[in-house]
Amino acid sequence: MSWQNEMVLMVRHLINDLDDSNQSFSDERLEGTVLVSAQLLLNEIDFDDPPNNDYTVDVDGLSLTPDPTSGEKDNAFINLVCLKTACVIIGSEVRTHALNSLVLRDGPSTIDMRGVTAGLSSLYESLCKKFDDGVLQYKAGGSRVGQAIFSPYSPGSESIGRHGTSTRQGYFGD
């Protein structure tokens, strides 16, 4: 089954857990989380309409049928499940690190662990916003989830030129 390879790798990229020597999550744990996220997503979105498939998720048996990554790939399902999985994992990490969010002061020395939680919270909000935008885009009839968010026609892209400068003549008094 190739969904385990492809979707787990995508989730690893989203949560930045790529270092083989120091991975925070095992492949088995990520596969289980992908399936939990797929089950939750199936309650939110109906993927039964063509060209999508009628997916069956078995969290206990660690199976997803049909495989969304083989044959004609269901990119919308794959992308939304991976984003949902990243939200679930990073949300769990935020809760875990919030318990360790403390400041220690001993004379002139200070240890402040609040920045870790703040960084993870920012990543969590960003990933979940992308997921919510993708769900809205899919429900609005756009089966190519993410295209409107990252297209050359998205807001702000018209003012960025080839080298990161404004393409509007005279904008900065030139």
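Glu-6 and Lys-73 form a salt bridge in this predicted model, with 2.6 Å between their closest N and O atoms. The pair joins distant parts of the chain: Glu-6 belongs to helix H1 (residues 3-15), while Lys-73 sits in the loop between strand E2 (63-65) and helix H3 (75-98), 67 residues apart. Glu-6 is partly exposed, at a relative accessible area of 24%, and Lys-73 is likewise partly exposed, at 38%.

The whole structure contains 4 salt bridges. Three of them are listed below with the N to O distance of each pair.

| Pair | Distance (N to O) |
|---|---|
| Glu-6 and Lys-73 | 2.6 Å |
| Arg-12 and Asp-27 | 2.7 Å |
| Lys-129 and Asp-133 | 3.1 Å |

Helix H1 also contributes Arg-12, whose side chain meets that of Asp-27 in a salt bridge. This pair again links distant parts of the chain, since Asp-27 lies in helix H2 (residues 27-44), 15 residues from Arg-12. Arg-12 is buried, because its relative accessibility of 4% falls under the 20% cut-off. Asp-27, by contrast, is partly exposed, with a relative accessible area of 37%. The two residues belong to a network of salt bridges that also includes Asp-17.

The salt bridge between Lys-129 and Asp-133 is set within helix H4 (residues 114-139). The two residues are 4 positions apart in that helix, and therefore separated by about one helical turn. Asp-133 is partly exposed, its relative accessible area being 29%.

Definitions and conventions: Residues numbered from 1 in each chain as written. Predicted model: local features only at pLDDT ≥ 70, side-chain atom pairs only at ≥ 80, totals over all residues. Heavy atoms only, no water. Buried < 20%, exposed > 50% of the residue type's maximum accessible area, 1.4 Å probe, protein only.
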